[in-house]
Number of protein chains: 2
Amino acid sequence: MALRKLETQLLYPEFVQAVETGDTEALEALREHLTMEDIAELVGELEGPGRADFLSKVPATEAAEIFQQLDLTAQRETLDLLSTSRMAGIINEMDPDDRTALLETLPSHNTKSLLSFLRPRERAQAQKLLDFPEDSVGRLMTPDFLAIRKEWTVGRSLDFIRFNGEDKETLNDIYVVDRQGKLLDDIPIREFLLSPGDRAIADVMDGHYTALLATAPQEEAIQAFKKYSARTALPVVDEEGLLLGIVTIDDILHLEEKETTEDIQKFGGAAPLEESYLEVSFWSMLRKRSVWLIVLFFGQMLTASAMSFYQMEISKAVVLALFIPLIISSGGNSGSQAATLVIRALALGEVAFTDVWKVLRRELLVGLGMGLILGVIGLLRVVLWGTAFQSYGDHYLTLGLAVGVAVISVVAWGNIVGSMLPLVLKRLGLDPATSSAPFVATFIDVTGIVIYFNIALLVMSGRLF
Amino acid sequence: MALRKLETQLLYPEFVQAVETGDTEALEALREHLTMEDIAELVGELEGPGRADFLSKVPATEAAEIFQQLDLTAQRETLDLLSTSRMAGIINEMDPDDRTALLETLPSHNTKSLLSFLRPRERAQAQKLLDFPEDSVGRLMTPDFLAIRKEWTVGRSLDFIRFNGEDKETLNDIYVVDRQGKLLDDIPIREFLLSPGDRAIADVMDGHYTALLATAPQEEAIQAFKKYSARTALPVVDEEGLLLGIVTIDDILHLEEKETTEDIQKFGGAAPLEESYLEVSFWSMLRKRSVWLIVLFFGQMLTASAMSFYQMEISKAVVLALFIPLIISSGGNSGSQAATLVIRALALGEVAFTDVWKVLRRELLVGLGMGLILGVIGLLRVVLWGTAFQSYGDHYLTLGLAVGVAVISVVAWGNIVGSMLPLVLKRLGLDPATSSAPFVATFIDVTGIVIYFNIALLVMSGRLF
């Protein structure tokens, strides 16, 4: 029901008690009421030993089904707590794609030891999937699909599906292959339901299908599912067009979530955590966050160097220093905006490097517009305080002018740097998300100081210095 | 095939020429080779008049199919360029959920005028869907589903599906309702294929189903699809449990993309653009980006006020001012990191307000750790330059100490502000993404100046002042 999540949670205390006291009858009753997903949700909230305990008591296939719905951190943690035979039972029963997802996150010696517990057929399959490059479509794939021949009829195909479909992950699409196993077409299951039994498969085929290459990056799979939105699974082939497996849309939904999280963490200037926030260890968190902060800190130290060039001017007119944070962070903010918008537009394919002039022109114009608004506010601020409180000595008008012009320039400069950097990185084959907001802001801070002082020297020379 | 996207693009010049010269034979040949999605992709790249021209020449159902795969900006633009009769034909043939998506983005007088072109049945349906609150599950729903009765057999159900299934968006799940239309269960189509024809539906039912409430926020639908990953559609019910429609997973994939884009744009300190980067008008872009920049600018002006409190100290020791940008932006960076991580963890449900103490403790510790590393680097920088270039006068050791301690404090402070603000906003029922990196950075800039000068006064008093 609508409030399923809430309802499931309401059963949590009852569930914990049943697990802890080993009350199998109460557990049985609870399992009657809950879907496998609900149970997995509850099991996921138990502590490690409780999870292992529960998974040891239910039948092996059910244990595997629940286990593979836990998040990867929980899977790894639980694996170590299970008896060897139960552990072996679970990993043998897991869906091939979920098994790859687990195996690829383990240290390589653990992967090898786990592989040795697999039955020969499962081991060969798991090894084959792991042989595909990291972040490739092959790693997302399950070889559990149904393939038919175009010489068959709809009726024969339905018999075949009935006989072989039981353990397949999805039957929403059926694949037509030739004698060599080359993919010829994919047919949504509805076509079988809507066609008479004596119709030839060749007549049901429309010859339009989209396959993913097993070695292609996973990003391509996400794009394909977005485009072919009527499909809930897509076939995966090798270079020769041989059908190797399928990728299902639920994996895409999870993959998209994972990739977005990584992108967002990069935006924020941290290396991707790879585990959930509360589960990352202190040292791993410290390491992943410090790396970029240290790099940024070295960049920021240039602000001190830049300012020391103008130490004499500051000592003659301390008021100049008062507006440094205001000016440089306005540029940092506009630059962060521009970088964020362009990085996201690149990720969505809305913008490409060929649009570089269009983007530059637009960011320059928008930057000048925004700079003008902020510059006028800055000018007014200086002039108002200058007249009302005599804060800035006699030359407050010139100071205001310097601040205003500097704000316009630095804001427009921020837009240009923020928008161009991701495009250039993308062009060089690097990840545009690396040019995250903090990087752009740091760069603008250093250059902004130079811009500000040069404008100030120009506008105010002879007055304050 | 794997390189479908590329292949489609290769046909683009041919396609444009055929459209422009009105070469129907060439178009016919191209359409033979391409899926509807490929054609939609090519049509989407034509200019407005070309799109309208193409959509006027193909049969109405095909035009509707292609039209509803264009992005919303292109749909709105094309609508105005079509003849009234073609426009009416298209919107009558659109899938109900895609139609709602279009109607809800139009200004209300346009929505009304479009509704008047719908046939009575379609109009009533469209109006009913629009009556659900904005961003509710009801707005994502299509009423095109197949419902059967539990008294039926598998065979009778299959006949019913065969007879009524033709125009349904998906047949992957079939719904069992009672006499009043109340949802009793959902059955994946595979169960029909794997069951003998004389089996009673009541025996196929497992009584486990998950339904969404039509008035629930769309976010709940995203979560439900992630949890029930074997489902490609979920039923939608009203408060009484009456089955109203279904939501399909492809809409969820697009919704997730849209919501993530909005979140990322908020992270970057801009209001969500709502259109693709290159399609937003100059004025709309300027408005959406200026609002927050102006708010931030007013916040940043407090840095000038804060600094003017310490104007006398600066004039006595200008070197103090040199390190202001370095110190405050280190805090800004650590604060942005913390805010980004916590906002994303909140969005993924990894963290809730109840974890506030756990988060605070962790951010304080990580902050002190990171601050210590940066603080030592800062201290070394001052001492090295002080001995090597005599940059900072005689008291460079004390200055280095002040800078080091300030960096530790401000970095830890940044972590605390950045992590707590999103949690507090969430608690108050506000959108945590509003506390985006630039907001946290601005707050840290102002408070960081105060922290730095107080530490400097404490450490250096009697030496420089």
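**Exercise 1. Find how far apart the C-alpha centres of domain 2 and domain 3 of chain A lie in this predicted model.**

Solution. Begin with the bounds: the domain assignment divides chain A into domain 1 (4–130), domain 2 (147–248) and domain 3 (282–460). Taking the C-alpha centres of domain 2 of chain A and domain 3 of chain A, one finds that they lie 54 Å apart.

**Exercise 2. Work out how chain A is related to chain B, and through which surface the copies meet.**

Solution. As a starting point, two copies of a chain are related by a rotation about an axis and a shift along it. Here, a rotation of 180° with 0.0 Å of shift along its axis brings chain A onto chain B, with an RMSD of 0.1 Å. The two copies are therefore related as by a two-fold rotation axis.

The next step is the contact itself, to which chain A gives 104 residues and chain B gives 104 residues. On the side of chain A that touches chain B, the largest share comes from helix α17 (residues 282–309) of chain A, with 15 residues. Sorted by class, that side of chain A has 56 nonpolar, 30 polar and 18 charged residues. Finally, 99% of the interface residues of chain A are also interface residues in chain B, so the copies meet through the same surface.

**Exercise 3. Describe the sheet β4-β5-β6 of chain A, and explain why one side of each edge strand is left without a neighbour.**

Solution. First take the order, which is β4-β5-β6 (chain A) in an open sheet of 3 strands with mixed pairing. At the edges stand β4 (212–213) and β6 (243–248) of chain A, and because each has a single partner strand, one side of each is left without a neighbour in the sheet. Then consider strand β5 (residues 233–237) of chain A, which runs antiparallel to β6(A) and is joined to it by 5 bridges. Within this part of the sheet, V237(A) stands opposite L243(A) in β6(A).

**Exercise 4. Carry out the description for the sheet β1-β2-β3 of chain B.**

Solution. In chain B, 3 strands in the order β1-β2-β3 form an open sheet whose pairing is mixed. Its edge strands are β1 (147–149) and β3 (183–188) of chain B, each of which pairs on one side only. On average, and with direction ignored, neighbouring strands of this sheet are turned by 35° against each other. Strand β2 (residues 173–177) of chain B and β3(B) run antiparallel and are joined by 5 bridges, and V176(B) is found opposite D185(B) in β3(B).

**Exercise 5. Determine how helix α7 packs against helix α9 in chain A, and which residues meet.**

Solution. Helix α7 (residues 72–81) of chain A packs against helix α9 (residues 96–105) of chain A at an angle of about 75°, and their axes are 10 Å apart. Since angles of 65 to 115 degrees count as roughly perpendicular, α7(A) and α9(A) are therefore roughly perpendicular to each other. On the α7(A) side L72(A), Q75(A) and R76(A) take part, and they meet A101(A), L102(A) and T105(A) in α9(A). By class, this contact has 3 nonpolar, 2 polar and 1 charged residues.

**Exercise 6. Analyse the crossing of helix α5 and helix α7 in chain B.**

Solution. The axes of helix α5 (residues 48–57) of chain B and helix α7 (residues 72–79) of chain B come within 9 Å and cross at roughly 75°. That crossing makes α5(B) roughly perpendicular to α7(B). From α5(B) the contact is made by G48(B), R51(B), A52(B) and L55(B), and from α7(B) by A74(B), E77(B) and T78(B). Classed by type, the contact of α5(B) with α7(B) has 3 nonpolar, 2 polar and 2 charged residues.

How values were computed: Residues are numbered from 1 along each chain as its sequence is written. Chains are lettered from A and ligands numbered from 1 in the order in which they are written. This is a predicted model: local features need pLDDT of at least 70, side-chain atom pairs count only at pLDDT 80 or more; totals for chains, interfaces and linings use all residues. Axes are lines fitted to C-alpha atoms, for helices over the stretch in contact, and angles run from 0 to 180 degrees between N-to-C directions. Helices (H or I, at least four residues) and strands (E, at least two) are DSSP runs, numbered from the N terminus. Angles under 35 degrees count as roughly parallel, over 145 as roughly antiparallel, 65 to 115 as roughly perpendicular and the rest as oblique. Two residues are in contact if their C-beta atoms, placed from the backbone, lie within 7 Å. Ala, Val, Leu, Ile, Met, Phe, Trp, Tyr, Cys and Pro count as nonpolar, Asp, Glu, Lys and Arg as charged, and the others, Gly among them, as polar. Domain bounds come from an automatic or database domain assignment. Copies are superposed by least squares on the C-alpha atoms of residues with pLDDT of at least 70 in both. Two strands pair if DSSP finds at least two bridges between them.
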